[in-house]
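User: Could you take a close look at one part of this model for me, and set it in context first? I'd like one connected walk-through, please.

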Amino acid sequence: MDDHIDPQDSGTVERLRALGRRPVDPATASAHLTAMAAASPRRSPWRTKAALAGAFLAGLLLGGTGLATAGALPEPAQAVAYNVLHPMGLNVPHPHAGNPCKGPPVWARERREPTAEEQAEHERVRREECPQRGEGRQGPPAHAGRGGPEGTPGRGRGQEGGPERRPHAGDPCRGRPDFAGPPPWAGRDTDPSEAEVRAHQEARKALQEAWRAQCGRGPGGDASHVPGTSPPQDR
Amino acid sequence: MPHSAADAYRELAPAVLGYLRAQRAPDPEDVLGEVFLQVARDIGRFRGDGAALRRWVFAIAHNRLLDDARRRARRPRLSDGEPPEQAAPPVPDPVDEDLLAALDALTPDQRQVVLLRFVADLPLAEVARITKRPVGAVKALQHRALENLRAGVSPSR
């Protein structure tokens with residue numbers, strides 16, 4: 001860009017430049033510098049907004065965590081808080097803690113592995129005292145509708161596993177008990193691990209003993225037969 | 001490059017004051033203080049080199065002059081009644097009054113361009129950015145302003 005100054009104008013230009021070289025009066029400069037030092041630097045609007053948003057989120061998080069720790073959140077929110085914060089090591093009460101039907105088992109709250117007895121007891125309590133999902137208070141247990149006992153065909157309505165009522169719902173000694181159902185790996189493509197098989201067998205054995213103690217006989221009236229074991233050959 | 005407001009003042013305040021005086025700001029020292037107060041508040045957000053700092057400070061001064069002019073235009077003028085008694089004769093200011101008078105005779109656009117160009121010592125492109133005009137228009141204004149000044153000022157000082 002041609003920024004050439006005509007030599008005839010050089011004197012005028014020099015006089016103009018001299019206007020900008022006259023020093024500021026020292027007293028005035030001192031007053032200005034003092035006022036400038038006292039002026040607080042303005043933060044950029046973006047930083048201010050980011051700081052406000054951060055403070056809001058931090059407040060929300062802290063407040064929410066505090067309420068969750070105190071168990072003061074509404075039930076669904078408390079359940080979500082439990083599921084999120086409990087695995088992180090925070091002591092957040094489950095909204096149904098102490099309720100064996102809805103709350104987590106005691107070993108989950110205490111962050112430890114269950115013993116076989118605890119697991120069996122938990123299963124028993126749930127089976128006997130808790131209404132099943134999708135059923136009324138006396139609904140069938142989890143294996144309802146999977147066919148008759150020990151390989152006999154199912155009874156029509158239960159073939160597809162739909163939410164129908166079982167004829168003996170509410171009576172654990174009649175009909176097919178829970179432990180007579182297929183193992184958890186049934187229908188899976190992969191074979192179960194040895195530990196899985198062992199754990200299943202132990203739990204099943206404990207349930208069978210509990211069933212025997214309560215009912216005292218096999219489903220067909222034979223006290224020697226416990227459902228889930230091999231059926232008697234002579235029947 | 002980080003800059004401090006105090007350093008900016010020491011480097012640029014004389015040129016800004018000359019610019020304000022030549023623009024006939026009512027109280028140039030006062031306006032100078034306001035300009036650098038704004039610089040002190042906003043210097044943390046400023047990013048750029050020395051040339052950018054010069055352009056930024058003069059843009060602040062330019063905008064403040066425009067704001068002051070608008071404010072004065074809105075304010076009612078006290079024309080009736082007796083004129084206030086003059087307390088003391090004005091202190092003679094040893095500035096180039098001859099040059100300032102010649103600058104007064106220019107159009108506002110010419111004066112603005114020639115002051116930003118030579119008192120503020122900004123290149124044509126920066127003057128164009130501050131005045132929001134094409135560079136060609138700024139160059140033409142500078143040419144006519146220098147012609148008028150050459151005719152208006154006495155050759156020797």
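Analyst: Happy to! In chain A, counting contacts between residues at least 6 apart in sequence, 41% join residues at least 24 apart; a contact means that the two C-beta atoms, placed from the backbone, lie within 7 Å. This is a predicted model, where local features need pLDDT of at least 70, side-chain atom pairs count only at pLDDT 80 or more, and totals for chains, interfaces and linings use all residues. Residues are numbered from 1 along each chain as its sequence is written, while chains are lettered from A and ligands numbered from 1 in the order in which they are written.

Chain A has seven helices and zero strands (DSSP runs numbered from the N terminus: H or I of at least four residues for helices, E of at least two for strands). Of its 235 residues, 14% are buried, that is, have 20 or more other C-beta atoms within 10 Å of their own C-beta, placed from the backbone; 12 or fewer means exposed, and in between is partly exposed.

Now for the close look, at helix H2 (residues 28-42) of chain B. With 15 residues at 1.5 Å each, H2(B) should span 21 Å, and its end C-alpha atoms are indeed 21 Å apart; the expected span is 1.5 Å times one less than the number of residues. Its buried residues include B:Val31, B:Leu32, B:Gly33 and B:Phe36. Their cover includes helix H2 (26-38) of chain A, along with H1 (5-22) and H3 (50-74) of chain B.

B:Ala25 sits in the loop between H1 and H2 of chain B. B:Ala25 is partly exposed because 19 other C-beta atoms lie within 10 Å. Beyond its neighbours within four places in sequence, B:Ala25 contacts B:Leu20, B:Val31, B:Leu65 and B:Asp68.
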